[in-house]
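Welcome, and please load the model in your viewer. We will go from the whole chain to a few individual residues, one selection at a time.

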Amino acid sequence: MQAVEVKNFLEGKLPGIQVEVEGEGCNFQLNVISDELAALSPVKRQQSIYAHLNPWIADGSIHAVTMKFFSRAAWAERT
């Protein structure tokens with residue numbers, strides 16, 4: 001699996017988010033940029049992403065995922 005596949009998939013499933021993905025094979029690091037998700041609790045944020053990735057996790061296409069969440073303003077300050 002490629003990082004671009006994960007990026008395109010999540011951005012297609014969750015309109016209004018931006019995802020920067022690093023990694024390859026089955027290990028990925030996600031930077032998720034979304035004002036809506038940034039406003040949620042940490043558990044709810046992760047649940048919203050895992051809800052879409054679980055089929056790939058279950059079949060072994062994705063083994064490990066780490067996530068960081070940013071509001072659009074926080075992301076702009078970072079880059």
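Begin with the surface of this predicted model. The protein chain exposes about 4700 Å², and carbon and sulfur atoms supply 52% of that area.

**Whole chain, as cartoon.** Colour by secondary structure and you will find four helices and three strands. Followed along the sequence, they come in the pattern α-β-β-α-α-β-α. The radius of gyration is 12 Å, close to the 12 Å that the globule rule gives for 79 residues, so the protein chain is as compact as a globular protein of that length. Turn the C-alpha trace onto its principal axes and its span is about 35 × 25 × 20 Å. If you draw the contacts with a separation of 6 or more, 55% of them join residues 24 or more positions apart.

**Charged side chains.** Now select the charges: there are 7 positive and 9 negative side chains. The centres of these two sets lie 6 Å apart.

**The core.** Which residues have the most contacts inside the largest nonpolar core? Select Val 6, Leu 10, Leu 30, Ile 49 and Leu 53, and show them as sticks; the core they belong to has 17 residues. At least two residues of this core come from each of helix H1 (3-13), strand S1 (18-24), strand S2 (27-33), helix H3 (42-58) and strand S3 (64-70). For the chain as a whole, buried residues make up 30% of the 79.

Centre on Ile 49 next. Not counting residues up to four places away in sequence, Ile 49 touches Leu 10, Leu 14, Leu 30, Val 32, Leu 37, Met 67 and Phe 69.

**Ser 48.** Step back to Ser 48, in helix H3. Is Ser 48 buried or exposed? Its relative accessibility is 18%, so Ser 48 counts as buried, the cut-off being under 20%. Beyond its neighbours within four places in sequence, Ser 48 is in contact with Leu 14 and Leu 37. Try a distance label here: the C-alpha atoms of Ser 48 and Leu 37 are 8.3 Å apart, with their positions 11 residues apart in sequence.

**Asn 31.** The last stop is Asn 31, in strand S2. Asn 31 also counts as buried, because its relative accessibility is 14%. Leaving aside neighbours within four places in sequence, show its contacts: Gln 18, Val 19, Glu 20, Lys 68, Phe 70, Trp 75 and Arg 78. One of these, Phe 70, is 39 residues away from Asn 31 in sequence and 7.3 Å away in space, C-alpha to C-alpha.

How values were computed: Residues numbered from 1 in each chain as written. Predicted model: local features only at pLDDT ≥ 70, side-chain atom pairs only at ≥ 80, totals over all residues. Heavy atoms only, no water. Rg over C-alpha atoms; globule rule 2.2 N^0.38 Å. Buried < 20%, exposed > 50% of the residue type's maximum accessible area, 1.4 Å probe, protein only. Contact = heavy atoms within 4.5 Å. Areas by Shrake-Rupley, 256 points an atom, 1.4 Å probe, with all protein chains shown as cover. Lys, Arg positive; Asp, Glu negative; His and termini not counted. Charge placed at Lys NZ, Arg CZ, Asp CG, Glu CD. Core = buried A, V, L, I, M, F, W, Y, C linked by side-chain atoms within 4.5 Å.
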